[in-house]
Amino acid sequence: MSLNPVEKPFRKTGDPVALTSESPLHPRRKSRRIMVGPVPVGGGAPISVQSMTNTLTANVGATLQQIAELTAAGCDIVRVAVPSQDDADALPEICKKSPIPVIADIHFQSKYVFQAIDAGCAAVRVNPGNIRKFDEVGPSICKAATDAGISLRIGVNAGSLDKELYAKYGGPTPEALVASALKEAHMFEDVGFHDFKISVKHHDVITMVETYRLLASKGDWPLHLGVTEAGPAWQGTIKSCLAFGALLAEGIGDTIRVSLSAPPVEEVKVGCKLLEYMGLRPRKFDIISCPSCGRAQVDVIQLASAVTEGLKDITAPIRVAVMGCIVNGPGEAREADLGVASGNGKGQIFIKGKVIKTVPEDQIVDTLLTIANDIASQMEAEGKVPANATGPVVVPIQHPGH
């Protein structure tokens, strides 16, 4: 029993829930289901988005503030670092007040694992490779997790591969990473514990994809996808989208964390939109905008940026098209819920495919913002805005010949 139970009791791990999610591209890989608090992972459950706070966990106020921001961005599960006793002592209050399940990230000190379980964490990230005397404490960790009804995350990163396996395989190859993951999995399964998910992260996209493919073929564990040390926002986004897209298109993956050298909220935005565009989450707010080109008769970059900034707080699932020429503009604008086709110093405003007005170029942004807010308000009043809806992302549309 937790010494500091959260306000919303967690379900026992593995409890069956009816909610499932299929991919439009490929049948989901069959994996067993675990629970991270109330969030199901695996077994066909909707793919969840995770992130990790970058605050000092012992600073409860700052950590909870960041968790609130992550939640508002669409995060389903949050991980907090627990490298010190002060951090472990902060967990009860954080777990009690967090609106989403909290995972404690534990390395080296096994005592923090037990504190995290007692604090009411929904799960614990445990790295058996760097927990001192894991052979001795592992069974106790499994019993404590079982008694509390929580799950664990295990696995390996390229940078933390066991030295013997590194030497045997000549580096962090897919075979080496999978061998390490299987070794860890057997440590838990040998004592009868099965409520865990596995991650096998690598910074290289190809290696990461090959590793998860290989691991997916070896058993039915739920898989946590990640490209580790992916890099700055633009580079990490590209890497994550390539790797996750390849695996999710094959039905592999049960929960994701986009790792960026950027504020955690940006990780969540990328993760949510990635799932949305893969058809694994309902469509939410989109801005479709064409690239700048020689045919454009308006500054598309400035126009799209202004509209995006003006609508950054809109979460209603509407699509706004910002088009800059008469070749594809009218057609794309008509396909959107709201759109503009610009040219010759003016813009034709469309709603659901019908031109409602033509306005001077300097009135395009204000007109779009006013109408978009009216549509969003109406949808909110009608209950058509999902609780975890997210804000806009610019989607480039390529013209023929580009």
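A residue counts as buried when its relative accessible area is under 20%, and as exposed when that value is over 50%. Keep these cut-offs in mind while walking through this predicted model.

Start with the charged pairs. A search of the whole structure turns up 17 salt bridges. One of them joins Asp254 to Arg28. Their closest N and O atoms are 3.5 Å apart. This pair links distant parts of the chain, with the two positions 226 residues apart in sequence. Asp254 sits in the loop between helix H8 (233-248) and strand S10 (255-257). Arg28 belongs to the segment before strand S1 (34-36). Both Asp254 and Arg28 are buried. The pair is also part of a network of salt bridges, which links Arg28, Arg29 and Asp254.

Now move to two strands. Arg79 forms a salt bridge with Asp105, and here the closest N and O atoms are 2.6 Å apart. Arg79 lies in strand S4 (residues 77-81), while Asp105 lies in strand S5 (residues 102-106), so the salt bridge ties together parts that are 26 residues apart in sequence. Arg79 and Asp105 are both buried.

Next comes a pair set in loops. Lys352 and Asp337 form a salt bridge, with their closest N and O atoms 2.7 Å apart. Lys352 is in the loop between strand S14 (346-351) and strand S15 (354-360). Asp337 is in the loop between helix H11 (329-335) and strand S13 (338-343). The two residues are 15 residues apart. Are these partners buried or exposed? Lys352 has a relative accessible area of 59%, so Lys352 is exposed. Asp337 has a relative accessibility of 13%, so Asp337 counts as buried.

Finally, look at Asp76. This residue lies in the loop between helix H1 (60-73) and S4. Why does Asp76 count as buried? Its relative accessibility is 18%, and the cut-off for buried is under 20%. What does the side chain of Asp76 reach? It reaches the backbone nitrogen of Val49 at 2.7 Å. The Asp76 side chain also makes a polar contact with the side chain of Arg281, at 2.4 Å. Leaving aside residues up to four places away in sequence, Asp76 touches Val39, Ile47, Ser48, Val49, Ile100, Pro101 and Arg281.

How values were computed. Residues numbered from 1 in each chain as written. Predicted model: local features only at pLDDT ≥ 70, side-chain atom pairs only at ≥ 80, totals over all residues. Heavy atoms only, no water. Salt bridge = Lys/Arg side-chain N within 4 Å of Asp/Glu carboxyl O. Helix = DSSP H or I, 4+ residues; strand = E, 2+ residues; numbered from the N terminus. Buried < 20%, exposed > 50% of the residue type's maximum accessible area, 1.4 Å probe, protein only. Polar contact = N/O pair within 3.5 Å; in protein donor to acceptor, adjacent residues only side chain to side chain. Contact = heavy atoms within 4.5 Å.
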